[in-house]
Amino acid sequence: MKKIFSLVLVLALTLALGIPALAADETAVPEITLSADAEKVPAGKTVTLTLSLTGELKDINSFEYYIRYDPAVVELAESKAGAASDLTKIGTPPEANYKTGEGDTSKAVTVSAVKLADTGVFSMTGGTVAELTFTVKADAATGASAGFTLEKVAVCDKTFGNDAVKVQTG
């Protein structure tokens with residue numbers, strides 16, 4: 001009888017400990033990160049930044065991120081959208097959306113998507129959102145920093161409400 005009681009108790013404790021872990025996975029906040037393939041890059045060489053999504057963004061209407069950098073140190077050489085969303089576009093932030101007092105549009109790249117037709121929503125799966133390759137300028141000072149930073153402008157649901165997404169520059 002004691003063995004059966006002990007077995008039932010162990011089983012109950014195991015299930016009780018597992019339930020919060022399962023619940024935490026369902027309520028986890030998606031995370032978008034910016035990482036580089038190199039930390040120190042000499043003049044004339046390239047560094048590739050990867051914008052990645054961990055988790056899933058369901059039923060969103062749009063997203064927009066700025067990747068800021070110092071154009072005196074690097075220049076954008078190549079960009080390509082990843083598989084996280086087939087709607088992803090990469091370009092220069094429009095002047096109308098750029099935050100006042102934080103520089104001009106030549107100091108950022110925008111990664112965005114919007115869907116207004118049909119259902120007006122799309123979902124993004126975890127994975128690569130975009131890859132951006134920058135070339136370090138030949139006249140960049142030794143030890144200069146490109147100052148890459150990631151800024152969330154918006155991730156909106158179908159009512160244009162702002163969705164929660166954790167943003168992290170790697």
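Reader: Hi! Before we start, what is pLDDT?

Author: Hello! pLDDT is the predictor's confidence in each residue, from 0 to 100. You will need that here, as this is a predicted model.

Reader: Okay, what is the mean pLDDT of the chain?

Author: The mean pLDDT is 77, and 68% of the residues reach 70 or more.

Reader: Which elements have the lowest and the highest mean pLDDT?

Author: Helix 1, residues 2-26, has the lowest mean at 44, while strand 8 has the highest at 95. Over residues 1-25 the pLDDT is below 50, and this stretch has zero contacts in the model beyond near neighbours in sequence.

Reader: How should I read coordinates where pLDDT is low?

Author: Where pLDDT is low, the predicted coordinates should not be read in detail.

Reader: Got it. How many helices and strands are there in the chain?

Author: There is one helix, and there are 10 strands. Along the sequence the pattern reads α-β-β-β-β-β-β-β-β-β-β.

Reader: And what share of the residues is buried?

Author: Of the 170 residues in the chain, 34% are buried. As for the outside, the chain exposes about 10,400 Å², with carbon and sulfur atoms supplying 57% of that area.

Reader: What about contacts between residues that are apart in sequence?

Author: Take the contacts between residues at least 6 apart in sequence: 76% of them join residues at least 24 apart.

Reader: Let's go inside. How many residues are in the largest nonpolar core?

Author: The largest nonpolar core has 30 residues, and F63, M124, V129, F134 and F148 have the most contacts inside it. Strands 1, 2, 3, 6, 7, 8 and 9 each supply at least two residues of this core.

Reader: Can we zoom in on V129? What is it in contact with?

Author: Leaving aside neighbours within four places in sequence, V129 is in contact with I32, L51, S52, L53, F63, A81, G82, A84, T88, V111 and M124.

Reader: I see T33 on strand 1. How far is T33 from V129?

Author: T33 does lie in strand 1. Its C-alpha atom is separated from that of V129 by 9.7 Å, and the two are 96 residues apart along the chain.

Reader: Is T33 buried or exposed, and why?

Author: T33 counts as buried because its relative accessible area is 19%, and the cut-off for buried is under 20%.

Reader: Cool. Which strand holds T48, and what does T48 touch?

Author: T48 is in strand 2. Not counting residues up to four places away in sequence, T48 touches S35, A36, D37, E131, L132 and T133. The C-alpha atoms of T48 and L132 are 5.5 Å apart, with their positions 84 residues apart along the chain. T48 is buried too, with a relative accessible area of 18%.

Reader: Now for loops. Where is V73?

Author: V73 sits in the loop between strand 3 and strand 4. V73 is buried, at 9% relative accessible area.

Reader: What is V73 in contact with?

Author: Apart from neighbours within four places in sequence, V73 is in contact with T135, V136, K137, A140, A144, S145 and A146. A138 is 65 residues from V73 in sequence, and their C-alpha atoms are 8.6 Å apart.

Reader: I think I've seen A144, S145 and A146 in the pocket as well. Which residues lie nearest the centre of the largest pocket?

Author: Those three are on the list: E39, V41, A144, S145 and A146 lie nearest the centre, out of 25 residues that line the largest pocket. Strand 1 and strand 2 are the elements that give two or more residues to the lining. Strand 1 gives the most, with three residues.

Reader: How much space lies in that largest pocket?

Author: About 520 Å³.

Reader: Another loop, then. Where is P93, and is it buried or exposed?

Author: P93 lies in the loop between strand 5 and strand 6. P93 is buried, with a relative accessible area of 3%. P93 and V111 are 18 residues apart in sequence, and 8.6 Å apart from C-alpha to C-alpha.

Reader: Last one! What is the phi of D59?

Author: The phi of D59 is near 50 degrees, a positive value in a residue other than glycine. Most residues other than glycine have a negative phi. D59 is found in strand 3, and at 46% relative accessibility D59 counts as partly exposed.

Notes: Residues are numbered from 1 along each chain as its sequence is written. This is a predicted model: local features need pLDDT of at least 70, side-chain atom pairs count only at pLDDT 80 or more; totals for chains, interfaces and linings use all residues. Side-chain values use heavy atoms; hydrogens and water are left out. A nonpolar core is a set of buried Ala, Val, Leu, Ile, Met, Phe, Trp, Tyr and Cys residues joined through side-chain atoms within 4.5 Å. Buried means under 20% relative accessible area, exposed over 50%, partly exposed in between (1.4 Å probe, protein chains only). Helices (H or I, at least four residues) and strands (E, at least two) are DSSP runs, numbered from the N terminus. Contact means heavy atoms within 4.5 Å. Accessible areas come from the Shrake-Rupley method with a 1.4 Å probe; for residues, only the protein chains shown count as cover. On a 1 Å grid over the protein atoms alone, a cavity is a set of points where a 1.4 Å probe fits but cannot get out, and a pocket is an open set with protein on both sides within 12 Å along at least five of seven lines; lining residues have an atom within 4 Å of a point. Grid points are joined across faces, edges and corners, and a volume is the space filled by probe spheres set on the points.
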